Amino acid sequence: MTIQQIKELAERKPFKPFVITLDSGRKIEVNRDTEFLFPKNRPDTIYVFASDGQGWIFEAEAVSALNDYGGGA
């Protein structure tokens, strides 16, 4: 996946929750309160911060799927 694909989902209007699936199998549920950081000095790195305090840092190439979330996040 690309950074641009993730940005498009995070910024779409109206917002719809989605899930980032990493190659490791980890699933990150993204809702309205999820914060993203796309550092300019590391253009392939994504920082994701959930409202419950959890955080993840990963490279765009580690994303195996992006899917709409049907769980009401």
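1. A word on terms before the tour: two strands pair if DSSP finds at least two bridges between them. With that in hand, threonine 21 stands opposite lysine 27 in S2. Please keep in mind that this is a predicted model.

2. Let's stay with this pair of strands. S1 and S2 run antiparallel and are joined by four bridges. Their hairpin has four residues between the strands, and glycine 25 in this hairpin takes a positive phi near 100 degrees.

3. Which side chains of S2 are buried? Ile28 and Val30 are, and they point to one face of the strand. Lys27 and Glu29 point to the other face and are not buried, so to speak the alternate side of S2.

4. Now to the interior. The largest nonpolar core has 18 residues, and those with the most contacts inside it are Phe18, Ile20, Ile28, Phe36, Ile46 and Phe58. Two or more residues each come from helix H1 (3-11) and from strands S1 (18-22), S2 (27-30), S4 (45-49), S5 (55-59) and S6 (63-68). As general background, nonpolar side chains in soluble globular proteins tend to be buried together.

5. Two of these core residues deserve a visit. Phenylalanine 36, leaving aside neighbours within four places in sequence, is in contact with Ile6, Ala10, Phe18, Ile20, Val30, Ile46, Tyr47 and Val48. Phenylalanine 58 is found in strand S5. Not counting residues up to four places away in sequence, phenylalanine 58 touches Ile20, Leu22, Ile28, Asp44, Thr45, Ile46, Val48 and Val63.

6. Why does phenylalanine 58 count as buried? Its relative accessibility is 6%, and buried means under 20%. One of its contacts is Val48; the C-alpha atoms of phenylalanine 58 and valine 48 are separated by 8.6 Å, with the two residues ten apart along the chain.

7. The second set of strands to look at is an open sheet of three, in the order S3-S4-S5, with antiparallel pairing. Strand S3 (35-37) and S5 are the edge strands, each pairing on one side only. On average, neighbouring strands of this sheet are turned by 20 degrees against each other, direction ignored. Five bridges join S4 to S5, and tyrosine 47 has isoleucine 57 in S5 as its bridge partner.

8. Finally, is glycine 70 buried or exposed? Glycine 70, in the segment after S6, has 80% relative accessibility and therefore counts as exposed. Glycine 70 and phenylalanine 15 are 55 residues apart in sequence, and their C-alpha atoms are 13 Å apart in space.

How values were computed
Residues numbered from 1 in each chain as written. Predicted model: local features only at pLDDT ≥ 70, side-chain atom pairs only at ≥ 80, totals over all residues. Heavy atoms only, no water. Core = buried A, V, L, I, M, F, W, Y, C linked by side-chain atoms within 4.5 Å. Buried < 20%, exposed > 50% of the residue type's maximum accessible area, 1.4 Å probe, protein only. Contact = heavy atoms within 4.5 Å. Axes fitted to C-alpha atoms, helices over the stretch in contact; angles between N-to-C directions.
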